[in-house]
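Let's take a walk through a protein model together, one piece at a time. Keep the picture open beside you and look up each residue as we get to it.

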Amino acid sequence: GPRHQRVPERGLLAAAELSAEPMILAALLRRVVASLLVFGISVRYGLGLAAWRAANRLERPAYETIAKIGRNVEVRRYAPYIVAEATITGTTDKAGSGAGFRACAGFLFGSKNKERSTQQPRPMAMTAPVRMNTEGDTMKVSFVMAKNESLRTLPVPTESIVKLRQLPAHTAAFLSFPGGRPSPSVVDRKRRALDAALRRNGLFKPKPRDDATLVYGYHDPFITPAFLRRNEVGYFVEPAK
């Protein structure tokens, strides 16, 4: 009697093991996928944090903060500096800013410039911020040149839309905020918030003959996570009285 019962018991055990195999494999697969996901996120944010730190060490134009309004508005007095500036007419959208960025990057990194004496290309050091300003249907994208460069020492741009320009000393107000590259609607909203902050402060007002909206980006738009990126929207100002 008992000897004959062992055969079906073994069969039931084997059947149970077979039915459990897919569940075990699925559980193992979930663990592998979860581990890979955690690893991928760790690598992504590790690279992003490294890019953020590197961007924070880049050379920036010299300025003096002459007023702080709340937590995120500053009025600054900038010393003169040089920019390589691309002018795009007829568009203020992503296509225009992308074309301007690529033209300026080509100049900075050496693929679209040539030395005055040797006619050879010369790569230069990256700086911050990347500047954008719009006036009507014209967009200008510019990269700041290093302090040790001058209009005489800089190579010549080989792309027609890129020009070297010396910015004079100026005073500007900026509102800082985190996030990815701001859309036109976000830029408009931040400009209105800056207007309101300056009205409350009462010491500065927009320059009436130079009211272009300035958009500054301090971190790369590809590797640095959006919540770590710093953007600024501003404009040139003068004393209110």
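**Strands, cores and a pocket**

This is a predicted model, and we can start on the inside with strand β11, residues 213–217. Four of its five residues are buried, so β11 is largely enclosed by the rest of the structure.

What does β11 pair with? On one hand there is strand β5 (residues 130–135), which runs antiparallel to β11 and is linked to it by five bridges. If you want a spot to check, find valine 130 and look across to glycine 217 in β11, which stands opposite. On the other hand there is strand β12 (residues 230–239), also paired with β11 in the antiparallel sense, this time over four bridges. Here you can look for valine 215, whose bridge partner in β12 is valine 233.

Now jump to strand β3, residues 81–89. Is β3 mostly covered or mostly uncovered? Seven of its nine residues are buried, so to speak of it as mostly covered is fair. Like β11, β3 has partners to trace. Strand β8 (residues 162–167) runs antiparallel to β3, with six bridges joining them, and one place to see this is alanine 86, whose bridge partner in β8 is valine 162. Strand β6 (residues 138–144) is antiparallel to β3 too, and seven bridges join these two. For a landmark, take isoleucine 88 and its bridge partner in β6, methionine 139. While you're tracing strands, keep one general point in mind: in a regular strand, side chains alternate between the two faces of the sheet.

Next, let's look at the nonpolar residues packed inside. The largest nonpolar core has 34 residues. Those with the most contacts inside this core are Val75, Phe143, Met145, Leu194, Leu198 and Val237. Apart from it lies another core, made of 12 residues, including Tyr78, Val144, Tyr218 and Phe236. Which residues does phenylalanine 143 touch, leaving aside its neighbours within four places in sequence? Its contacts are Ile82, Val83, Ala84, Phe101, Cys104, Ala105, Leu108, Met126 and Val130.

Two of those names, Phe101 and Val130, come back when we turn to the largest pocket, as they are among the lining residues that lie nearest its centre, along with His219, Asp220 and Pro221. The whole lining takes in 31 residues, and the pocket has a volume of about 620 Å³. Elements giving two or more residues to the lining are α1, α2 (94–109), β5 and β11. Which element gives the most? That would be α2, with six residues.

There are a couple of oddities to spot in the loop between β4 (113–114) and β5. Proline 129 lies in this loop, and a cis peptide bond joins it to alanine 128, with omega at about 0 degrees. Glutamine 119 is found in the loop between β4 and β5 as well. Its phi is near 65 degrees, a positive value in a residue other than glycine. Glutamine 119 is partly exposed, with a relative accessible area of 42%.

Finally, how confident is the predictor? The protein chain averages a pLDDT of 87, and 85% of the residues score at least 70. Among the elements, strand β2 (residues 73–78) has the highest mean pLDDT, at 98, while helix α1 (residues 2–56) has the lowest, at 67.

Conventions
Residues are numbered from 1 along each chain as its sequence is written. This is a predicted model: local features need pLDDT of at least 70, side-chain atom pairs count only at pLDDT 80 or more; totals for chains, interfaces and linings use all residues. Side-chain values use heavy atoms; hydrogens and water are left out. Buried means under 20% relative accessible area, exposed over 50%, partly exposed in between (1.4 Å probe, protein chains only). Two strands pair if DSSP finds at least two bridges between them. A nonpolar core is a set of buried Ala, Val, Leu, Ile, Met, Phe, Trp, Tyr and Cys residues joined through side-chain atoms within 4.5 Å. Contact means heavy atoms within 4.5 Å. pLDDT is the predictor's confidence in each residue, from 0 to 100. On a 1 Å grid over the protein atoms alone, a cavity is a set of points where a 1.4 Å probe fits but cannot get out, and a pocket is an open set with protein on both sides within 12 Å along at least five of seven lines; lining residues have an atom within 4 Å of a point. Grid points are joined across faces, edges and corners, and a volume is the space filled by probe spheres set on the points.
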